[in-house]
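Here's a quick walk through one protein model, with stops at its hollows, a helix and a few odd backbone spots. Have the structure open and follow along.

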Amino acid sequence: MLSGRIAQRRRYLDQVLASGHPVVVFQEKPGKTLTDCCFINQDDQGGAETLALKIVARNPKRVFILTPQLQWHAIEARVKGLRKVLDKHKCNYQIISSDENRQQSIQQALDAAMATHGRPDVVIGTNDRLAYVAYRHLTDNGHRVPEDIGITGFNAFDTTAALLPVLESVQSPAYTLGQTGGAALLARLENGRFEFDTLVLPVVPVTGTTLR
């Protein structure tokens, strides 16, 4: 599972493949010219499009999309899906980047965006951590969720099940991704080739209490 700019990720992947060993690649754009590797992804773009349709039904005038500074293919696919739907419905949105590992960075980026563009109607976290930090920061500053500002996330991992509120989100098949990759690699070692080049697993919308 690779992170960084697209050129960096491909360079790292080429280095691994040069070892001559079979490779399973998770959450990365498939490379059609690569051999002896398979790509296993979840439907990040499709899940983001489904989530965006819920958002546009709210008729928002202003939307903030929170993204991590560190690039990942999954985040790129989610932003692509969100933009596809928001552009189609002519929604005004801003993409706001921050260091997702530093709560203060997320808060400062959100404050700066609000100072420049005004209060958003919806804040979209491209992962649940970004969304939860935004929720706490906005409610601590007197904004009501979802009455004033709707918030959505993405991933809905089991580790967030005990957190409140329940985010409007999309659930990632994280365990199934790993299980599928392990099975694919074992089959490759037994049969001498991968049974498939690419596989995309579905994601599941999660209804929460943070989007009216």
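## The second largest pocket

Let's start with an opening that several elements share. β2 (37-42), α2, α3 and β8 each put at least two residues into the lining of the second largest pocket. The biggest giver is α3, with four residues. Keep in mind throughout that this is a predicted model.

The volume of this second largest pocket comes to about 260 Å³. Its lining counts 14 residues, and Asn41, Gln42, Gln45, His73 and Ala77 sit closest to the centre. What sort of residues make up that lining? By class, the second largest pocket has three nonpolar, six polar and five charged residues.

## The largest pocket

The largest pocket has a volume of about 330 Å³. Here the lining runs to 16 residues, with Met1, Gln27, Arg78, Asn155 and Phe157 nearest the centre. Which helix gives the most to the lining of the largest pocket? That's α3, with three residues. Both α3 and α6 (174-191) supply at least two.

The lining of the largest pocket breaks down into nine nonpolar, five polar and two charged residues.

## A closed-off cavity

Rolling a probe the size of a water molecule over the atoms shows where empty space is left. How many cavities of 30 Å³ or more does the structure hold? Just one, and its volume is about 30 Å³.

Lining this cavity are Ala48, Leu51, Arg78, Leu82, Ile124, Gly125, Thr126, Gly153 and Phe154. The elements giving two or more residues to it are α2 (44-56), α3 (73-88) and β5. By class, the cavity lining has five nonpolar residues, three polar and one charged. Arg78 is worth a click: it lines the cavity, and it is also among the residues nearest the centre of the largest pocket.

## Helix α5

Now for α5, residues 128-140. Why should its ends be 18 Å apart? Its 13 residues, at 1.5 Å a residue, should span 18 Å, and the end C-alpha atoms are indeed 18 Å apart, so the model agrees with that expectation. At the N-terminal end, Asn127 acts as a cap, with a side-chain oxygen 3.2 Å from the backbone nitrogen of Arg129. After the helix comes Gly142, which has a positive phi near 90°.

Plenty of α5 is tucked away: Asp128, Leu130, Ala131, Tyr132, Val133, Ala134, Tyr135, His137 and Leu138 are buried. What do these buried residues pack against? Their partners are the strands β3 (63-68), β4 (93-98), β5 (122-125), β6 (150-152) and β7 (169-171), along with helix α4 (103-117).

## Two leucines to compare

Leu164 sits in the loop between β6 and β7. Is Leu164 buried or exposed? Its relative accessibility is 57%, so Leu164 counts as exposed. Leaving aside residues up to four places away in sequence, Leu164 touches Tyr132 and Arg136. Leu164 and Tyr132 are 32 residues apart in sequence, yet their C-alpha atoms are 9.0 Å apart.

Leu199 belongs to strand β8 (residues 198-201). With 29% relative accessibility, Leu199 counts as partly exposed, because that value falls between the 20% and 50% cut-offs. With the same sequence neighbours left out, Leu199 touches Phe39, Ile40, Asn41 and Thr180. Asn41 turned up earlier as one of the residues closest to the centre of the second largest pocket. As for the two leucines, Leu199 and Leu164 are 35 residues apart along the chain, with 33 Å between their C-alpha atoms.

## Backbone oddities

Most residues other than glycine have a negative phi, and most peptide bonds are trans. A few places go the other way. The peptide bond joining Val145 and Pro146 is cis, with omega about 10°, and Pro146 is in the loop between α5 and β6.

Then there are two residues with positive phi that aren't glycine. Asp36 has a phi near 55° and lies in the loop between β1 (23-26) and β2. At 29% relative accessibility, Asp36 counts as partly exposed. Lys90 has a positive phi of about 55° and is found in the loop between α3 and β4. With a relative accessible area of 75%, Lys90 is exposed.

Note on methods. Residues are numbered from 1 along each chain as its sequence is written. This is a predicted model: local features need pLDDT of at least 70, side-chain atom pairs count only at pLDDT 80 or more; totals for chains, interfaces and linings use all residues. Side-chain values use heavy atoms; hydrogens and water are left out. The expected span of a helix is 1.5 Å times one less than its number of residues. Buried means under 20% relative accessible area, exposed over 50%, partly exposed in between (1.4 Å probe, protein chains only). Contact means heavy atoms within 4.5 Å. A polar contact is a pair of N or O atoms within 3.5 Å; within protein, one must be able to donate a hydrogen and the other to accept it, and residues adjacent in sequence count only if both atoms are side-chain atoms. On a 1 Å grid over the protein atoms alone, a cavity is a set of points where a 1.4 Å probe fits but cannot get out, and a pocket is an open set with protein on both sides within 12 Å along at least five of seven lines; lining residues have an atom within 4 Å of a point. Grid points are joined across faces, edges and corners, and a volume is the space filled by probe spheres set on the points. Ala, Val, Leu, Ile, Met, Phe, Trp, Tyr, Cys and Pro count as nonpolar, Asp, Glu, Lys and Arg as charged, and the others, Gly among them, as polar.
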